[in-house]
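Dear colleague,

I am passing on the structure below, together with some notes on its aromatic rings. Please read the notes with the coordinates open beside you.

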Amino acid sequence: MSRFDLEGKIVLVTGAGANGGIGHALALGFAQAGARLAIADCDVQGLAQTASQMEQIGHKPVVIACDISHPSQVNDMFTTLSSTLGAVQVLVNVPFFFPARVPPHELLLEDWERMLAVNLTGYFLCCRAALRVMLAAGDGSIINIGSNAGELALGRGAMPYSCAKAAVHQMTRELAIEYASAGIRVNALLPAQTLTPGLRAHLDSQRFRDHVLPRILAGLPQGKLLDPEDYVGPAIFLASNAARAVNGVLLPVDGGNLAMNAGGSYTWPGL
Ligand SMILES: NC(=O)c1ccc[n+]([C@@H]2O[C@H](COP(=O)([O-])OP(=O)(O)OC[C@H]3O[C@@H](n4cnc5c(N)ncnc54)[C@H](O)[C@@H]3O)[C@@H](O)[C@H]2O)c1
């Protein structure tokens, strides 16, 4: 048996509805790895698209409409999951909410609160519900999707998002320590700028292409944006028995972004 085997594992991917986003890629990747999946999102249409693509490769997921910032919807999601697939063994938290960027001094309190409600409290609610199930089973793996923004300041109005992600990173470490002896591992993947539908939409803007994109690429030593597919292998690793001693890790999947010196890192001419 492969150390990376996920055959029959019960996996819940939240934020799996984006057609072309990271959650969407992870849902398809876990299905291809043989897992039994529940996929959740507040975007019901996007969720249906992901489900239909999974069916085309021979996997029929349990599809759950859920806004993770609502405690009752999160509870209902886990009830549905238990009564269909059974006890969740792997939880992957992916949702992302980022309204229009504004300078921090113009940020409305309600926008700050909404950002935290989805990007932090929603992750906590899903972790808490999964932990209750995993504790009873004495086994489980939680993968939170963090961000390079949780480790470094991005600017461009990213402050509330960065704060939420930094807290998700710390929540990952805290939960990893709290539940290690119960057989539950909690880790995070830290993406950098990825060519998702959200970023692709910005590429239509000349201003973005001329002024923002070059700055982003200068911070990516591999010289290119990440691809949603880049996260599938690392997520399968963290979910699998191959990572049985990997706990509390914030794993950058960023082409080297976080390894760079903020003052400028240089490579040899021609490389
Ligand atoms: N794309 C990037 O460049 C990048 C960089 C660093 C980190 N990340 C992180 O990766 C993850 C995925 O990012 P993405 O770009 O693929 O996002 P995306 O916008 O493409 O997809 C996010 C999904 O979350 C869903 N969602 C939003 N609010 C929700 C809610 N309240 N309840 C349930 N679902 C909800 C959306 O409907 C969408 O399907 C996020 O956690 C993001 O912070 C992305």
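The model is a predicted one, and I begin with Phe 98, which is partly exposed because its relative accessible area is 21%, a value between the 20% limit for buried and the 50% limit for exposed. A search of the whole structure finds four aromatic pairs. In one of them the rings of Phe 96 and Phe 98 have centres 6.3 Å apart and planes at 70°, so this pair is edge-to-face.

Phe 96 itself has a relative accessibility of 54% and therefore counts as exposed. The ring of Phe 96 also pairs with that of Tyr 161, where the centres are 5.4 Å apart and the planes stand at 80°, so this pair too is edge-to-face. This second contact links distant parts of the chain, since Phe 96 lies in the loop between β4 (90–93) and α4 (109–137), whereas Tyr 161 belongs to helix α5 (residues 159–179), 65 residues apart. Tyr 161, at 11% relative accessibility, counts as buried, while its partner Phe 96 counts as exposed.

Taken together, the ring pairs link Phe 96, Phe 98 and Tyr 161 into a cluster.

Which residue lies over the face of Phe 97? Arg 114 does, at 5.4 Å from the ring centre.

With best regards

Key: Residues numbered from 1 in each chain as written. Predicted model: local features only at pLDDT ≥ 70, side-chain atom pairs only at ≥ 80, totals over all residues. Heavy atoms only, no water. Phe/Tyr/Trp six-rings, centres within 6.5 Å; stacked < 30°, edge-to-face > 60°. Buried < 20%, exposed > 50% of the residue type's maximum accessible area, 1.4 Å probe, protein only. Helix = DSSP H or I, 4+ residues; strand = E, 2+ residues; numbered from the N terminus. Lys NZ or Arg CZ within 6 Å of the ring centre and 35° of its normal.
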